[in-house]
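I opened the model at the bench today to look up a few points and write them down in order. The entries follow the sequence and structure below.

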Amino acid sequence: MPDKSTVVGQAELLRKYSTAAKELFIIAVSWLAVLILLWFNPTLLLVNVSQGVFLLAMISLALGVFALRRWQEFKRLTGAHARLSTAAQQEANQLEQLEQAQRESEEKYRTLVEQIPAISYIAALGDPGKTLFVSPQIETLLGFTCEEWLNQPGLWAQQLHPEDRDRVFADRAEKEALGLPFDADYRMLARDGRVLWFHDVAARLPVRDGNARIMQGVLLDITARQVAEEAEREQHRLADALKETAAALNSTLQPDAVIDHILDSMGNLVPCNAAHVLLLDDGVARVIRSRTFAEQLPTVPPQLQFPLAQFANLRQMYETKRPLLIPDVEAYADWIHMPAQPWVRAHLGAPLCVKDKVIGFIALSSTTPRVFQERHCKTLEALGQYAAIAMENARLHAEREHKLRELDALRKVAISVNSTLDLDKLLDLVMRELKSLLSVERASLMLLDAASGELYFRVALGDEAKGAQHMRLPLSEGIAGWVARQGKPTRVNDVSTDPRWCPNIDTVTGYVTRSILAAPLKTNDKVIGVIEALNKLDGAFDDHDEHLLEMIAVEAAIAIEHARLFTDLETTNRALEKQNAEILASRNILRVLFDGITDSICIMDRNMRVEALNQATANQVRKTPRALWQLPCNQVLCRTDELCLTCPVTQSFRTGKVVDAIQSHTLQNGDKRTRVVRTYPVENETGAVDRVVYLAKDITEERRLQTSLIQSARLSIVGELSASIAHEISNPLTAVIANAQMLLRAIPPGDACFEYAQIIERAGQRAERFARNLLSFARQEEYQFVPLDVNETIEDALALIAVPLKDAGIRIIRQLAENLPAVTGSASHLQTVWTNLLFNARDAIPAERRGQVQIAAHADKTTQTVYVRISDNGCGISEQDMPHLFEPLFTTKPRDHGTGLGLYICRTILTRHGGTIYVESKVGSGSTFTVCLPIAEA
């Protein structure tokens, strides 16, 4: 742009140029006027020719001189004007170039702003919602266009996360008041509901207009960093929660305390407003424990029920056995809003599984949509495992207590049956035990009067039962009459829907019968009465109740028959009474002995059908001895549908000799078992074999133990040989190192042999260190606990097995933190742990895969623990094998490639050190073993 002096000079030049032009114009006009005057009046020239010529000459001369001077001045001004015009044109060109450069600079700046991976903006100071400029990255990151962001002043404040809004406003106002740059981390909500973390840096812009107050800033997306940090914090919190939960689980059999602890942990680990544990029973999930983490939310009513058939989310988890994440229930088509929880907007649930069976669910709810993330599924699944274990332990404990009560009651009944013939006392005891076992309001026993064909009450226990003792019931009426006629048990959980029900007795006694369980009393396949249980107090009658009633009915029938026989025989033959008592005692003894034998015993008749078997045989097929009686032996012993011609039982029938055999078979779970079989023929009075006794002993564990002992013996020999080799190597190595050191002293450092002597010394020291590690590894029978560096034990173990790992193509990645705190331990035993884990990692990596093993060590002073993690990229461990990894003799390696003792020894060694070991694995991706060792006390 031209400066002020140039403009002033141009104006002055134009003024002079105009004056000179005017003067030239006046001279020309004056000269022309004289000529015209002379033209029209020549007499002036004739009056005095000489004066006229002189005057004309003088005037002409004066005008000529004046005109010449003005012409020179005009030419000078014309040149100056041309130079000024040229300078002005040059300055105009420079101005245009500057404007073009400014436009190009602005374009480059805009292109740069629009390409950086962050949001650039310009906003008004004092008005957080007014944005003057925003870069296009706003649409990529938050889903809003630039026009929407600029045209809606409150959009920035609206999309701020509610939990960060007050903090950000206060911080921004404070920085503006102090004139300081704004620098903060906060969360924002994208258009689709995603939560993003941003680092906001903004500063005041200098402007010429003093009244304008604007600031320029950059929003940098730091979501990935925040998520990673939060994930790490969550992993630590989860590990602590799992550790505390495991301790609670091991300290009590009461599930409520463990589940309450799990629910509290969920509230700390996952951003939820409520957590519930549901128990699944007969297709209906029932809330058994609940926790609400917001005071304004109502509590969930206890025993709230959710049928699987109605709730698709529970049904999906039941079928897939996988967690279910519903970010927004409004977008879930099958969601059903419960009146007790109308506020739910996000749902996260996981099934509680025990042995691949869903026994319940754990569910989290939130008032905020999309608050749950995929990482929360793993947290919920991990704690859900403990909840399932707690519930299963409680169930098993309750079942055990119930079984013990049943066995105790049956024992009392059996003792009473075999110890007294007082029928009234015996039946009263039997019915009281029945009423207690089945948990019913009323129990009664009716006997059959063969003469009248009616049932009459022999014993009746319970409220208003005495009124029925003198009543009789025809066989053609009622459920009890049907049981007596058919000789079969029955159960009716709603008598009002059964056509066999006869309410006559209820009408007389005033008692209201709702459910009934009845079984016949039989002796010699003849019905002598009916035993009943009425109105179960805790639910409905089931198969177990029916089976238990049948067993008691058998004992009661035996008792009744014994009493009748005793009454009939007492008057005729007292000697026979003594004989019967001896037979009865012998029968009980034989039964106890027969069922007490842990080996499988079975007796077959000529038709190859089971005539008798002990409880151990029945347990193998998970059925009762009664259910297996008279079945073909191949279905019971071999679980096949066809007879085996090479069966030892068949051979004993054919040859009449004792037959020995070794058989192998596979259980339903795929486990291969081996048994030693011996069959004994039994001859009748004619000498023919009409029965064969089958005796089988399972020797699978015995053989496996023998193999492990042989392998252990071999390892012991290898250890002794290693110690001998180490001793034999150490002596010559000492001489080699000493001579090398002597050579180093004798040879000048500049000599070429000096370097060779150094190589000999280093190689000898390396071989000596290897021999010392091998010797230390071989002598592990005693624990010598001293403060030691975990990194050193790891390096010693890696040096010991470097060659096998290198031969297998395994790449070792070390991530050992420096200056680890010392732990109190036995170095040789810890080397054993690292060696076993490294060899397991090597064996888990397929040959076609590029093997990689990562070993990392770090300390956590908060928990006073040193953590060592050994990870591989192998084939992983299946879920069904995970619970058995640390059991002795369990191995997933091929036969002759593993003893099944490695991980068991590792856990044993770490237990002696006060440490723990746990494993994380995914099939196809590899496994990670984590060892935790306590830091030594200062």
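**Leu280 and its surroundings**

I looked up the contacts of Leu280 first and, leaving aside neighbours within four places in sequence, I found Ala285, Leu308, Tyr318, Val358, Ile359, Gly360 and Phe361, where contact means heavy atoms within 4.5 Å. Leu280 lies in strand β6, which runs over residues 274-281; helices (H or I, at least four residues) and strands (E, at least two) are DSSP runs, numbered from the N terminus. I note Leu280 as buried because its relative accessibility is 16%, the terms being buried for under 20% relative accessible area, exposed for over 50% and partly exposed in between, with a 1.4 Å probe and protein chains only. I also checked Phe306, 26 residues away along the chain, and its C-alpha atom is 9.2 Å from that of Leu280.

**How far I trust the model**

This is a predicted model, in which local features need pLDDT of at least 70 and side-chain atom pairs count only at pLDDT 80 or more, while totals for chains, interfaces and linings use all residues. Residues are numbered from 1 along each chain as its sequence is written, and side-chain values use heavy atoms, with hydrogens and water left out. The average pLDDT, the predictor's confidence in each residue from 0 to 100, is 76 for the protein, and 72% of the residues score at least 70. Over residues 45-49 the pLDDT is below 50, and I see two contacts for this stretch beyond near neighbours in sequence. Residues 208-212 also stay under 50, with one contact beyond four places in sequence. Where pLDDT is low, the predicted coordinates should not be read in detail.

**Helix α12**

I then turned to α12, whose 16 residues, 423-438, should span 22 Å at 1.5 Å a residue (1.5 Å times one less than the number of residues), and the end C-alpha atoms are indeed 22 Å apart. Its buried residues are Leu423, Leu426, Leu427, Val430, Met431, Glu433, Leu434, Leu437 and Leu438. They cover an arc of only 160° around the axis, which puts them on the same side of α12; the arc is that of the directions from the helix axis to the C-beta atoms. On the face turned away from that buried side I found the exposed residues Lys425 and Ser436. Just after α12, Ser439 takes a positive phi of about 55°.

**Whole protein**

For the protein I noted 26 helices and 29 strands, with 38% of the 938 residues buried.
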